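Here are some notes on the model you sent, set out point by point. Please read them with the structure open beside you.

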Amino acid sequence: MPQIIPIRDLRDTTKLSEMCHSSNEPIFVTKNGYGDMVVMSMESYEQRIAQIDMYAKIMEAKAQADAGELSDGKSALKKLRAKYGE
């Protein structure tokens, strides 16, 4: 469940850091009752970026498969050996 804190709670940086590291979820910060920003640990951020990158690569591969741009393993290895030598 996401954590929501008011912007004034950003003053206690130690507590905020502990909150970020105790959960893999982002912490939503509000200002005057409205969403203002999101805070998360560096580790969680890097995991999310890696996940987004992985999904992008999967979607690219699916688009290539849908377009018929596939090759079998033997022909792919043959092209690599011709390009880089064995």
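**Notes on the fold and its salt bridges**

1. D53 is partly exposed, with a relative accessible area of 38%. This is a predicted model, and in it D53 forms a salt bridge with K57, the closest N and O atoms being 3.3 Å apart. K57 is itself exposed, at 52% relative accessible area, and the two residues sit four apart in helix α2, about one turn of the helix.

2. A second pair in helix α2, D66 and K62, is likewise four residues apart, or about one helical turn, and its side chains meet in a salt bridge at 3.0 Å, N to O. Here D66 is exposed, with a relative accessible area of 58%, whereas K62, at 46%, is partly exposed.

3. The count comes to three salt bridges, and one of them joins the side chains of E25 and R48 at 3.9 Å, N to O. Because E25 lies in the loop between α1 (13-22) and β2 (27-31) while R48 belongs to helix α2 (residues 42-66), this pair ties together parts that are 23 residues apart in sequence. E25 counts as partly exposed at 36% relative accessibility, and R48 as partly exposed at 33%.

4. As for the chain overall, three helices and three strands follow one another in the pattern β-α-β-β-α-α. The radius of gyration is 22 Å, against a value near 12 Å for a compact globule of 86 residues, and the C-alpha trace spans about 60 × 30 × 20 Å along its principal axes. Of the 86 residues, 14% count as buried.

Definitions and conventions. Residues are numbered from 1 along each chain as its sequence is written. This is a predicted model: local features need pLDDT of at least 70, side-chain atom pairs count only at pLDDT 80 or more; totals for chains, interfaces and linings use all residues. Side-chain values use heavy atoms; hydrogens and water are left out. The radius of gyration is taken over C-alpha atoms; the globule rule is 2.2 Å times the number of residues to the power 0.38. Buried means under 20% relative accessible area, exposed over 50%, partly exposed in between (1.4 Å probe, protein chains only). A salt bridge is a side-chain nitrogen of Lys or Arg within 4 Å of a carboxyl oxygen of Asp or Glu.
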